[in-house]
Amino acid sequence: MRPELLNPLFAELTAVKGIGATLARQLARLKLTRAVDLVFHLPVMAIDRVRLTTLDAAYVDRTVTVEIEPMTYEPGAQRRPFKVQCRDVGGNWLALAYFGGGGAYAQKLLPLHQKRVVSGRLERYGDMLQIAHPDYVVAPADAATIPMREPVYGLTEGVTNKRMGALVAAAVERAPVLAEWIEPSVLAKHGWPAWRDALVSAHALHTPSRDRLAYDELLANQLALLLVRADTRRRRGRPLAGTGKLTETLVAWLPWSLTDAQRRVSGEIAGDLAQASPMLRLLQGDVGSGKTLVALLAMLVAVESGAQAALLAPTEILARQHLATLQKTLGDLPVRIAVLTGRDKGRAREDLLARLAAGEIDILIGTHAIFQETVHYHDLGLVVIDEQHRFGVAQRLLLAAKARVTPHLLAMTATPIPRTLALTTYGEMDVSQIDELPPGRVPIETRVSSTEKLNDVFAGLRRHIEGGGQAYWVCPLVEGNEQGDEAAAETRAAHLRQQFGDARVGLVHGRMKPADKDAAMAAFAAAETAILVATTVIEVGVDVPNASLMIVEAAERFGLAQLHQLRGRVGRGTARSVCLLLRGDNLTETATARLKLMRETNDGFRIAEEDLRLRGAGEILGVRQSGEEIFRIADPDRLPKLLPIARDDARLLLDRDGGLDSPRGAAARNLLYLFERDAAVGLLRSG
């Protein structure tokens with residue numbers, strides 16, 4: 001149960017002074033629904049105001065503060081603003097512009113010939129200097145109330161920066177004084193203030209205080225992960241030693257040899273499975289490195305040991321793709337395999353669940369449906385989670401609860417994760433890495449082209465498919481918008497069908513019915529269609545060896561990790577493969593850097609490190625879509641510096657300082673509740 005002294009922070013927003021139901025709905029658009037959300041809604045930047053005696057065009061595009069005298073009013077008309085023409089002490093003219101019928105308000109603030117001090121962004125409008133809607137207008141005697149440095153918050157429609165600052169201050173007033181959870185030597189070394197003082201001064205743009213709050217968040221994260229690991233290690237598991245009957249037969253049957261990396265990683269996993277302590281292992285491997293085969297070998301060890309295995313996939317398309325791949329790989333081996341997704345209903349679903357509970361299914365593949373309440377296993381011994389970043393800790397524990405004793409867990413990801421991020425997100429796991437691609441994989445050539453050359457792209461696409469090849473065309477949107485955006489799957493599919501014929505162009509996106517998606521994918525896999533237009537639903541798992549051309553439209557709208565995953569859909573056969581990134585004309589500096597890196601390298605781990613730097617942890621892991629907790633304060637710039645310290649501090653607390661039952665541990669309990677890591681792991685009672 002949450003400590004009572006934290007309850008004021010976890011109250012609904014309407015409990016904060018100045019917030020009613022309407023304002024609460026506006027703030028909810030920023031995912032601010034409780035006082036604690038406002039408390040951690042830190043400034044994104046600062047406004048530095050320049051104090052001027054006389055106006056100077058050299059300060060255009062800067063925020064200035066200057067004393068003026070209003071001289072005349074210019075009424076607005078239609079879309080023209082109401083203007084107050086003013087002079088400074090040197091006789092320089094300045095127009096103060098108020099849009100949207102703000103004339104009466106402006107006249108009240110700025111009576112003629114009465115001096116005022118105004119502050120706002122100085123602009124040039126024609127030959128005139130102008131400030132539109134000044135941030136401050138005060139009498140000269142009150143000039144000192146205008147801050148020279150002011151925090152700027154993320155805003156939503158209907159909430160000004162000044163209002164947001166006042167609301168944040170009201171929320172911070174609810175924050176209690178808390179006992180210290182940071183190891184004293186760490187606190188002294190960095191000169192950090194106490195938690196509540198840091199909270200106040202971080203909103204005043206004090207960098208060390210913000211560092212301290214970021215450290216707090218990382219410390220909570222590391223403590224939670226260590227608690228998960230310790231709790232799992234304490235649980236009663238069972239060894240799955242296997243007999244080698246299935247695994248050795250499969251390896252002997254394969255038309256290719258395992259890579260050294262696959263053998264090494266399979267050995268690490270087999271060693272874990274043979275222990276009574278439940279395995280917690282993350283398997284990393286770049287696109288096409290052969291993770292699925294390694295996972296299959298692990299599942300066969302479980303089956304040899306008389307247990308069942310479950311393979312959890314993030315999408316229905318990927319679940320059914322896994323079923324087809326595993327059935328093909330297993331051949332005539334006596335392994336009973338089935339798939340369960342949300343679309344399975346009625347008698348067929350009931351029959352499958354009955355066979356699962358009776359132990360007549362060895363390996364169950366599926367989406368989140370496989371850990372629903374109605375699903376019961378006969379003897380679940382191993383859980384494999386594909387695309388681990390799509391699932392949170394809570395979902396992992398739900399699936400683990402389906403077993404009589406804690407099952408072994410193998411998590412896989414084809415999204416290479418930088419070491420720093422792996423520690424923050426998967427710190428409770430051992431990590432194996434397949435750092436070698438199977439022999440014969442042809443490197444994928446990556447090109448970047450402007451959308452102005454679409455006709456050339458269409459011509460090249462025609463040559464490609466007339467030569468017997470197949471191609472993906474990926475768009476960032478499902479359908480066009482009011483601006484006539486053509487980078488949409490439905491719009492692009494219609495255009496390509498006009499050029500190549502309806503029968504040659506398939507379409508798949510997330511809004512389609514599952515059966516329609518499956519049909520489109522099956523038609524493409526069978527080469528019944530030559531072009532598959534898609535959104536990122538094909539980002540992972542889809543395997544069509546004959547598809548050797550990937551076209552990504554509006555590539556600047558995708559992150560590096562997504563682009564790398566999409567590129568990995570080709571290069572799966574023997575033909576030379578090309579990934580063509582179509583870009584728009586107005587590229588940001590970040591987008592330019594992304595596309596340049598994609599041309600330079602196929603190394604997923606280098607790409608992942610750069611993606612972390614450019615976009616941050618929440619984006620690279622895709623957690624904004626999955627609902628997994630993302631860091632609110634600990635940004636990528638602070639992670640490398642603070643994470644190792646936080647990890648050592650968490651270990652010190654648990655190993656030397658008495659754990660969560662010590663005085664510092666009691667303070668750390670508050671920390672875990674404060675950053676809601678208790679909800680993610682549910683293990684405070686085990687501390």
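Reader: Which residue shares a polar contact of 2.7 Å with the side chain of His-206?
Author: The side chain of Ser-209 is joined to that of His-206 by this polar contact of 2.7 Å. A polar contact is a pair of N or O atoms within 3.5 Å; within protein, one must be able to donate a hydrogen and the other to accept it, and residues adjacent in sequence count only if both atoms are side-chain atoms. The model is predicted: local features need pLDDT of at least 70 and side-chain atom pairs pLDDT 80 or more, while totals for chains, interfaces and linings use all residues. Residues are numbered from 1 along each chain as its sequence is written, and side-chain values use heavy atoms, leaving out hydrogens and water.

Reader: Where is His-206 found?
Author: His-206 is in the loop between α6 (195-202) and α7 (207-234). Helices (H or I, at least four residues) and strands (E, at least two) are DSSP runs, numbered from the N terminus.

Reader: And is His-206 buried or exposed?
Author: His-206 counts as partly exposed because its relative accessibility is 37%. Buried means under 20% relative accessible area, exposed over 50%, and partly exposed in between (1.4 Å probe, protein chains only).

Reader: What about phi of Leu-205?
Author: Leu-205 has a positive phi near 70° although it is a residue other than glycine. Leu-205 also lies in the loop between α6 and α7. Most residues other than glycine have a negative phi.

Reader: Where does His-113 lie, then?
Author: His-113 is in the loop between α3 (103-109) and β5 (116-125). This residue is not a glycine, yet its phi is positive, about 65°.

Reader: Changing topic, is His-41 buried or exposed?
Author: His-41 counts as buried, because its relative accessibility is 14%. His-41 sits in the loop between α2 (35-39) and β1 (45-52).

Reader: Which residues does His-41 touch?
Author: Not counting residues up to four places away in sequence, His-41 touches Leu-30, Leu-32, Tyr-153, Gly-154, Met-164, Val-168 and His-203. Contact means heavy atoms within 4.5 Å.

Reader: How do α15 and α16 pack?
Author: Helix α15 (residues 454-466) and helix α16 (residues 489-500) pack at an angle of about 60°, with axes 12 Å apart. Therefore α15 is oblique to α16. Angles under 35 degrees count as roughly parallel, over 145 as roughly antiparallel, 65 to 115 as roughly perpendicular and the rest as oblique.

Reader: Lastly, how many helices and strands are in the chain?
Author: The chain has 25 helices and 21 strands. Of its 687 residues, 54% are buried.

Definitions and conventions:
Axes are lines fitted to C-alpha atoms, for helices over the stretch in contact, and angles run from 0 to 180 degrees between N-to-C directions.
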